[in-house]
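The exercises that follow are meant to be worked with the sequence and the structure side by side. Try each task before reading the solution beneath it.

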Amino acid sequence: MHDEELPEILQEQCNRLIACQDEHALPSCFECPEVLECTLRNSYIDAVYTSMSQGSNTDFDF
């Protein structure tokens, strides 16, 4: 994966998450009963971490 692809991947995951929230008329994932098991949300979180770590395969420290 190239660093220039990271913002596009993150934006795509964000768009998918927002579409799901809109589809279910939810203002946030936290109001969804499936929040902890949601593969779509987990994919978004993975994309955020990958973007924050700039694509490296290391852990991200807060």
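**Exercise 1: Gln21 and its surroundings**

At 17% relative accessibility, Gln21 counts as buried, because the cut-off for that class is under 20%. Keep in mind from the start that this is a predicted model.

Task: Determine in which helix Gln21 is found, and which residues it touches beyond those up to four places away in sequence.

Solution. Begin with the secondary structure: the protein chain has 2 helices and 0 strands, and Gln21 is found in helix H1, which covers residues 6-23. Next, set aside the residues up to four places away in sequence, and the residues that Gln21 touches are Leu26, Pro27, Ser28 and Cys29.

**Exercise 2: The largest pocket**

Task: State the volume of the largest pocket, list its lining, and decide which helix gives the largest share of that lining.

Solution. The volume comes to about 150 Å³. Reading along the chain, the lining consists of Leu17, Cys20, Gln21, His24, Leu26, Cys29, Cys32, Glu34, Val35, Cys38 and Leu40. Sorting these residues by class gives 8 nonpolar, 2 polar and 1 charged. Helix H1 provides the largest share, with 3 residues.

**Exercise 3: The nonpolar core**

Task: Identify the residues of the largest nonpolar core, and then find what Leu17 touches outside its sequence neighbourhood.

Solution. The largest nonpolar core has 5 residues, namely Leu17, Cys29, Val35, Cys38 and Leu40. In soluble globular proteins, nonpolar side chains tend to be buried together. When residues up to four places away in sequence are not counted, Leu17 touches Cys29, Leu40, Arg41 and Tyr44. For the chain as a whole, buried residues make up 19% of the 62 residues.

**Exercise 4: Cysteines and disulfides**

Task: Work out how many disulfides the model contains, and explain why the sulfur of Cys20 is not counted in one.

Solution. The criterion is a pair of cysteine sulfur atoms within 2.5 Å. For Cys20, the closest cysteine sulfur is in Cys38, at 5.7 Å, and is therefore too far for a bond. For Cys14, the closest cysteine sulfur belongs to Cys29, at 9.9 Å, which is likewise too far for a bond. The count therefore comes to 0 disulfides. As for its surface, Cys20 counts as partly exposed, at 25% relative accessibility.

**Exercise 5: Between the helices**

Task: Compare Gln13 and Ser43 by asking whether each is buried, partly exposed or exposed, and then trace the contacts of Gln13.

Solution. Gln13 is found in helix H1 and is buried, with a relative accessible area of 13%. Ser43 is found in helix H2, residues 39-52, and counts as partly exposed at 31% relative accessibility. Leaving aside neighbours within four places in sequence, Gln13 is in contact with Leu40, Ser43, Tyr44 and Ala47. Ser43 also has its C-alpha atom 9.5 Å from that of Leu10, although these two residues are 33 residues apart along the chain. Among contacts in the protein chain with a separation of 6 or more, 54% involve residues 24 or more positions apart.

**Exercise 6: A backbone angle in the loop**

Task: Locate Ala25, and say what is notable about its phi.

Solution. Ala25 lies in the loop between H1 and H2, where it is exposed, with a relative accessible area of 68%. Most residues other than glycine have a negative phi. Ala25, although not a glycine, has a positive phi of about 55°.

Technical notes
Residues numbered from 1 in each chain as written. Predicted model: local features only at pLDDT ≥ 70, side-chain atom pairs only at ≥ 80, totals over all residues. Heavy atoms only, no water. 1 Å grid on protein atoms, 1.4 Å probe; cavity = no way out; pocket = protein on both sides within 12 Å on 5 of 7 lines; lining within 4 Å. Points joined across faces, edges and corners; volume = space filled by probe spheres on them. Helix = DSSP H or I, 4+ residues; strand = E, 2+ residues; numbered from the N terminus. Nonpolar A, V, L, I, M, F, W, Y, C, P; charged D, E, K, R; others polar. Core = buried A, V, L, I, M, F, W, Y, C linked by side-chain atoms within 4.5 Å. Buried < 20%, exposed > 50% of the residue type's maximum accessible area, 1.4 Å probe, protein only. Contact = heavy atoms within 4.5 Å.
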